[in-house]
Amino acid sequence: MIFVILIIVFTLLQALIVGNIHIMGIATPLLYVYLVLLFPKTYARWLQLLLCFSMGLCIDMFTNTPGLAAASMTLTGFVQPYILDLYLSEEDNHDLMPGFKTLGNMKFATYAFILVTIYCLAFFALEAFTVVDWLDWLQSMGGSIVLTLIFIYTIDSVRR
């Protein structure tokens, strides 16, 4: 239930506020990716994928990007448990919600970097569909990764 409320809040935040930020016309923070990072390991996979797809579809409707966010969010939701496994030890509580407080600073930073990079790579590759102007593509992807990570690190440090 908490994730449904968070999906609504983050979708509205992205659509109404954060989606209007375009640094130098190339970088946009993609704040809603943060929710994928928060899924605990024990969360039902089918529900996680359904929530990721639903959130991506809502973002697509607000931002007029037909299917880009839905496909990228679904992919990111699919790989998230495998990436999280890399940072959890056998003694860790698998119900924990990943964050700086639970994983530690370096583990969470690299965990977030990997998932945000996967999301941005999928999103911008689907958006470009070809790599004709690869320099603009790299700038958009790199700038969005950096901005998204800054927002995620800020929110998660406040969440502590």
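## Cysteines

C120 is buried in this predicted model, with a relative accessible area of 0%. The cysteine sulfur closest to that of C120 belongs to C52, at 15 Å, which is too far for a bond. C52 also counts as buried, at 0% relative accessibility. For the sulfur of C52, the closest cysteine sulfur is in C58, at 12 Å, again too far for a bond.

The structure holds zero disulfides. A disulfide is a covalent bond between the sulfur atoms of two cysteines. The cut-off applied here is a pair of cysteine sulfur atoms within 2.5 Å. C52 forms no disulfide because its closest cysteine sulfur, in C58, is 12 Å away, and C120 forms none because the sulfur of C52 is 15 Å away.

## Helix α6

C120 is one of the buried residues of α6. The others are F108, A109, Y111, A112, L115, V116, Y119, A122, F123 and F124. An α-helix has 3.6 residues a turn, so residues three or four places apart point the same way. The buried residues of α6 pack against α2 (34-37), α4, α5 (100-103) and α7.

The helix α6 (105-128) has 24 residues. From its first C-alpha to its last, α6 reaches 34 Å, close to the 34 Å expected at 1.5 Å a residue. Just after α6, F129 takes a positive phi of about 60 degrees.

## The largest pocket

The largest pocket has a volume of about 410 Å³. Its lining comprises 24 residues, of which H22, T28, F123, F124 and E127 are the closest to the pocket centre. The elements giving two or more residues to this lining are α1 (2-16), α3, α6 and α7 (134-159). F123 and F124 are also among the buried residues of α6.

By class, the lining of the largest pocket is made up of ten nonpolar, eleven polar and three charged residues.

## Positive phi at N64

Most residues other than glycine have a negative phi. N64 is not a glycine, yet its phi is positive, at about 60 degrees. N64 lies in the loop between α3 (45-63) and α4 (68-85). With a relative accessible area of 68%, N64 is exposed. A positive phi of about 60 degrees is also found at F129, just after α6.

Conventions. Residues numbered from 1 in each chain as written. Predicted model: local features only at pLDDT ≥ 70, side-chain atom pairs only at ≥ 80, totals over all residues. Heavy atoms only, no water. Helix = DSSP H or I, 4+ residues; strand = E, 2+ residues; numbered from the N terminus. Buried < 20%, exposed > 50% of the residue type's maximum accessible area, 1.4 Å probe, protein only. 1 Å grid on protein atoms, 1.4 Å probe; cavity = no way out; pocket = protein on both sides within 12 Å on 5 of 7 lines; lining within 4 Å. Points joined across faces, edges and corners; volume = space filled by probe spheres on them. Nonpolar A, V, L, I, M, F, W, Y, C, P; charged D, E, K, R; others polar. Expected span 1.5 Å × (residues − 1). Contact = heavy atoms within 4.5 Å.
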